[in-house]
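Reader: I am in my first year and still learning how to read a model like this one. Could you take me through one part of it slowly, with the reasoning spelled out?

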Amino acid sequence: MLTIVLGSILFVAGLLYLFRGALDRRRLSEPHRSGGADAKPTLEPRRQGIGFLSLSRNWPGVAMMAVGAILLISGAYA
């Protein structure tokens, strides 16, 4: 039972780590106009690529989720 609880805590902690990394990069509440003259204001940050999703920045969260998943699976079959 302890294995399943620890696995679920690690999995959720890894997920929260990934969410924090994606949301804390830039401020999203500053509306600005995109390229065209008739464009509507948007809340997307300027020039944010998908670099914040790279494995080199998010490996602790992915590792926590992987260990948590292994513990959940091993706890289910034990």
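Author: A residue is called buried when its relative accessible area is under 20%, exposed when that value is over 50%, and partly exposed in between. With those cut-offs in hand, and keeping in mind that this is a predicted model, we can say that 14% of the 78 residues of the chain count as buried.

The part to look at closely is the pair of helices, and it helps to place them in the chain before comparing them. The chain has two helices and two strands, and, read from the N terminus on, these elements follow the order α-β-β-α. Helix α1 covers residues 2-23, while helix α2 covers residues 55-77.

The axes of α1 and α2 come within 7 Å, and they cross at roughly 155°. Because an angle over 145 degrees counts as roughly antiparallel, α1 is described as roughly antiparallel to α2. The crossing of these two helices is, in addition, left-handed.

Some pairs of residues let you follow this pairing on the model. Leucine 72, which is found in helix α2, is 69 residues from threonine 3 in sequence, yet their C-alpha atoms are 6.8 Å apart in space. Proline 60, which also lies in helix α2, has its C-alpha atom 7.3 Å from that of glycine 14, although 46 residues separate them along the chain. Starting instead from helix α1, where tyrosine 17 is found, you can go to methionine 64, 47 residues away along the chain, and find a C-alpha separation of 9.0 Å.

The accessibility of these residues can now be judged with the cut-offs given at the start. Leucine 72 has a relative accessibility of 29% and therefore counts as partly exposed. Proline 60, at 23%, is likewise placed in the partly exposed class, and tyrosine 17, at 25%, counts as partly exposed too.

Leucine 23 belongs to another class, and helix α1 is where you will find it. Its relative accessible area is 56%, so leucine 23 is exposed. Leucine 23 also takes part in a nonpolar surface patch of about 480 Å², which it makes together with Val12, Leu15, Leu16 and Phe19.

To gather the picture, then, α1 and α2 are roughly antiparallel and cross in a left-handed way, with leucine 72 and threonine 3 among the pairs that are distant in sequence but 6.8 Å apart in space, while exposed leucine 23 is one of the residues that make the nonpolar patch.

Definitions and conventions. Residues are numbered from 1 along each chain as its sequence is written. This is a predicted model: local features need pLDDT of at least 70, side-chain atom pairs count only at pLDDT 80 or more; totals for chains, interfaces and linings use all residues. Side-chain values use heavy atoms; hydrogens and water are left out. Patches are made of residues with over 30% relative accessible area and no salt bridge: like charges are joined within 9 Å, nonpolar side chains (Val, Leu, Ile, Met, Phe, Trp, Tyr) within 5 Å. Accessible areas come from the Shrake-Rupley method with a 1.4 Å probe; for residues, only the protein chains shown count as cover. A salt bridge is a side-chain nitrogen of Lys or Arg within 4 Å of a carboxyl oxygen of Asp or Glu. Helices (H or I, at least four residues) and strands (E, at least two) are DSSP runs, numbered from the N terminus. Buried means under 20% relative accessible area, exposed over 50%, partly exposed in between (1.4 Å probe, protein chains only). Axes are lines fitted to C-alpha atoms, for helices over the stretch in contact, and angles run from 0 to 180 degrees between N-to-C directions. Angles under 35 degrees count as roughly parallel, over 145 as roughly antiparallel, 65 to 115 as roughly perpendicular and the rest as oblique. A crossing is left-handed if the near helix is turned anticlockwise from the far one by less than a right angle, and right-handed if clockwise.
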